[in-house]
Amino acid sequence: MLLHDTALIFGRYARQTLRSKFQILFGILMPLLYLLFFGPLLTELPLGRDDVDSWQILVPGLLLQLGLFGASFAGFGLIIDKSTGVVERMRVTPVSRAALLLGRVLRDALLFMFQAVLLVLVAVLMGLRAPLPGVLIGFVFVGLLTVSLASLSYALAMRVSTPQEFGPVINALTMPAMLLSGLMLPMTLGPKWLDVLSHFTPFRYLVDAVRDAYTGSYATGHMLYGALVALGFAAAAVTVGTGVFRKAGA
């Protein structure tokens, strides 16, 4: 029943997304701008390892940036659904409350995976060279990050009433996360205290893992820690999100 209901909700929001070409294309705009205008600045800079190309440092960060910002703001759509009565009408149906979250989250994961593929293709045209298994591993991490953050975003959206409440909270959380995770440059290039502080941000472990994957280094501590953090974060976030949906009766 849960799978059936999740497929129904996923189909509804997937069709809604396919009708909105701007959502598909403009969601990838910011990472593309970083790729086009920031990437060339790094080509001659020493980034800590002589055997690593600058694109292998930047592109994994941009992939996770795509998931970080895109999934974190996913809850805006739910706030609109609440204000227009969509959520209220869904309450009277026998659909699983967990499916109302999972269907939306799976739609978001598929959308950002598609955008991640476009980003990597553009990066290849600009000079990225990475092993195919590493690129695929990067997509898996983007998917897990999207599931995690979208679940928490929807949970927050169920707790607030207006976009004016939702937006500042998301901005206050995502900006420090981006700066401390080393999305743009490795944190090892910064001062020691900043590098240590960044280890308290779960996204740091995901960024390090994807960068190792893009260099073909799969059996590393970064990969192990990144996988454990990604899976644990996703499980915890989905648990929190489904709990909020059940309590809210949505």
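Mentor: Before we start: a helix here is a DSSP run of H or I with at least four residues, and a strand is a run of E with at least two. Keep in mind that this is a predicted model.

Trainee: Fine. What pattern does the chain follow along the sequence?

Mentor: Reading along the sequence, you get α-α-α-α-α-α-α-α-α-α-α-α. The secondary structure amounts to 12 helices and 0 strands.

Trainee: How do you know whether the radius of gyration fits a compact globule?

Mentor: Set the chain against the rule, which is 2.2 Å times the number of residues to the power 0.38. For 250 residues that puts a compact globule near 18 Å, and the chain has 19 Å, so the two agree. The C-alpha atoms fill a box of roughly 60 × 35 × 35 Å along the principal axes. Also, 80% of the contacts with a separation of 6 or more are between residues 24 or more positions apart.

Trainee: Why is Thr 174 called buried?

Mentor: Its relative accessible area is 4%, and the cut-off for buried is under 20%, so Thr 174 counts as buried. Thr 174 sits in helix H9, residues 163–181. Leaving out residues up to four places away in sequence, Thr 174 touches Leu 68, Phe 69 and Ser 72. Across the chain, buried residues make up 48% of the 250.

Trainee: And what makes Phe 22 count as exposed?

Mentor: Phe 22 has 62% relative accessibility, and exposed means over 50%, so the label follows. Phe 22 belongs to helix H2.

Trainee: Which residues make the nonpolar surface patch?

Mentor: Phe 22, Leu 25, Phe 26, Leu 29, Leu 33, Leu 36 and Phe 37, covering about 750 Å². Helix H2 (21–26) and helix H3 (29–38) are the elements that give two or more residues to the patch, and H3 gives the most, with 4. A patch member needs over 30% relative accessible area; Phe 22, at 62%, clears that bar.

Trainee: Now the inside. Which residues touch the most other members of the largest nonpolar core?

Mentor: Leu 35, Val 59, Leu 63, Leu 64, Tyr 154 and Tyr 214, out of 64 residues in that core. Helix H8 (residues 132–159) supplies the largest share, 12 residues. Take Leu 63: not counting residues up to four places away in sequence, Leu 63 touches Ala 116, Leu 119, Val 120, Val 142 and Tyr 214. In soluble globular proteins, nonpolar side chains tend to be buried together.

Trainee: Why is the pair Arg 104 and Asp 81 called a salt bridge?

Mentor: The closest N and O atoms are 3.4 Å apart, and the limit is 4 Å, so the pair qualifies. Arg 104 lies in helix H7 (residues 97–126) and Asp 81 in helix H5 (residues 75–83), so the bridge ties together parts that are 23 residues apart in sequence. Both Arg 104 and Asp 81 are buried.

Trainee: How many salt bridges are there in the whole structure?

Mentor: A search finds 4. Among them, Arg 107 and Asp 108 meet at 2.8 Å, N to O, and both of those residues are buried. Arg 204 and Asp 195 also meet at 2.8 Å, and they are buried as well. Through shared partners, salt bridges join Asp 195, Arg 204 and Asp 208 into one network.

Conventions
Residues numbered from 1 in each chain as written. Predicted model: local features only at pLDDT ≥ 70, side-chain atom pairs only at ≥ 80, totals over all residues. Heavy atoms only, no water. Patch = residues over 30% accessible without salt bridge, like charges linked within 9 Å, V, L, I, M, F, W, Y side chains within 5 Å. Areas by Shrake-Rupley, 256 points an atom, 1.4 Å probe, with all protein chains shown as cover. Salt bridge = Lys/Arg side-chain N within 4 Å of Asp/Glu carboxyl O. Buried < 20%, exposed > 50% of the residue type's maximum accessible area, 1.4 Å probe, protein only. Core = buried A, V, L, I, M, F, W, Y, C linked by side-chain atoms within 4.5 Å. Contact = heavy atoms within 4.5 Å.
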